[in-house]
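Got the viewer open? Load the model, switch to cartoon, and let's walk through it one selection at a time.

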Amino acid sequence: MTMKPTVIALALLAPMLALGACHPGKKNSTTASIETDGVKATVEITDPWCRPTPNGAQAGACYLTIKSSHENTMTGVATPLAANAMVHDMSMANGMMNMSEMAGGLPLKGGEKVELKPGGKHLMLMGLTGPLVEGSAVPLTLTFSDTPAMTVQAPVRLPK
């Protein structure tokens, strides 16, 4: 049995991702790369965080900045702390703020940062298993169309 280079790269990448998220004092950043046919693709997630929620809240929001080295799509998000997680966008229509799921995923243009922030695109956690408590962290696993899934630890905090 032979393993494909992609499978080997994923097996080697997982421990590096875990270590990359654990260096105190450094910018909260995680990077994943994959190389296919000599072409390297990279996704970087920086400054993930989630807003604290009150007891009994069924929904919460998380934010981050993402940059892909090439055209890519963030196709999904998951966390063990919620029954469902998705990418949402907020927009104004007829003087009302609307929030809706980005069912096709979040498009990423090569080399451009996309900021998920309050009042705009964000990660919506539905069916929380408990409150998001300031000082704790939320594990978020992000999936992509062209690069490996990444798990980041998003600290729960108030906006800066």
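Start with a hairpin. Select strand β6, residues 96–101, together with β5: the two run antiparallel and are joined by six bridges. For a pair to click on, take M90, whose bridge partner in β6 is M99. Two residues sit between the strands of this hairpin.

Now zoom in on the turn and pick N94, in the loop between β5 and β6. Its phi is near 55°, a positive value in a residue other than glycine. Is N94 buried or exposed? Turn on a surface and check: N94 is exposed, with a relative accessible area of 82%.

While you're hunting for odd backbone angles, jump to D47 in strand β2. Phi of D47 is also positive, near 45°, and D47 is not a glycine either. At 42% relative accessibility, D47 counts as partly exposed.

**Step back for the whole chain**

Zoom out and colour by secondary structure. This is a predicted model, and the protein chain has one helix and 11 strands. Follow the chain from the N terminus and you pass the helix before any strand: the order is α-β-β-β-β-β-β-β-β-β-β-β.

Next, colour by accessibility. Of the 160 residues in the protein chain, 36% are buried. The chain exposes about 9100 Å², and carbon and sulfur atoms supply 58% of that area. If you draw contacts between residues at least 6 apart in sequence, 63% of them join residues at least 24 apart.

**Into the core**

Hide the surface and show side chains. Nonpolar side chains tend to be buried together in soluble globular proteins. Here the largest nonpolar core has 28 residues, and the ones to select are I45, I66, L106, L123, L125, L140 and F144, which touch the most other members. Strand β10, residues 137–144, gives this core its largest share, four residues.

Which residues does L125 touch beyond its neighbours within four places in sequence? Select around L125 and you'll find Q58, A59, G60, C62, T79, A82, N84, A85, L132, V138 and L140. Keep C62 from that list in mind, as there is a stop for it later.

Now go to F144, in strand β10. F144 is buried, with a relative accessible area of 9%. Leaving out residues up to four places away in sequence, F144 touches V43, I45, I66, N72, T73, M74, T75, L108 and M150.

**Both sides of β10**

Stay with F144 and draw a distance to M74. The C-alpha atoms are 4.4 Å apart in space, although the two residues are 70 apart in sequence. F144 of β10 is the bridge partner of M74. Widen the selection to strand β4, residues 72–78, and you have β4 and β10 paired in the antiparallel sense over four bridges.

Next, add strand β11, residues 150–155. β10 and β11 also run antiparallel, here with six bridges. Click L140 and look across to its bridge partner in β11, V152. Trace the backbone between these strands as well: a hairpin of five residues joins β10 to β11.

**Two cross-links to finish**

Show the cysteines. The structure holds one disulfide, and it joins C50 to C62, with S to S at 2.0 Å. Look along the S-S bond: at 100°, the link of C50 and C62 is right-handed. C50 lies in strand β2 (residues 39–50) and C62 in strand β3 (residues 59–68), so the disulfide ties together parts that are 12 residues apart in sequence. Both cysteines, C50 and C62, are buried.

Last, the charged pair. Side chains of opposite charge can pair when their charged atoms come close. How many salt bridges does the structure hold? It holds one. Select K121 and D89, and draw the distance between their closest N and O atoms: 3.7 Å. K121 lies in the loop between β8 (113–116) and β9 (122–128) while D89 is in strand β5 (residues 82–93), so this pair ties together parts 32 residues apart in sequence.

Bring the surface back for a final check. K121 is partly exposed, with a relative accessible area of 28%, and D89 is partly exposed too, at 23%.

Terms used. Residues numbered from 1 in each chain as written. Predicted model: local features only at pLDDT ≥ 70, side-chain atom pairs only at ≥ 80, totals over all residues. Heavy atoms only, no water. Buried < 20%, exposed > 50% of the residue type's maximum accessible area, 1.4 Å probe, protein only. Contact = heavy atoms within 4.5 Å. Areas by Shrake-Rupley, 256 points an atom, 1.4 Å probe, with all protein chains shown as cover. Core = buried A, V, L, I, M, F, W, Y, C linked by side-chain atoms within 4.5 Å. Pairing = 2+ DSSP bridges. Salt bridge = Lys/Arg side-chain N within 4 Å of Asp/Glu carboxyl O. Disulfide = S-S within 2.5 Å.
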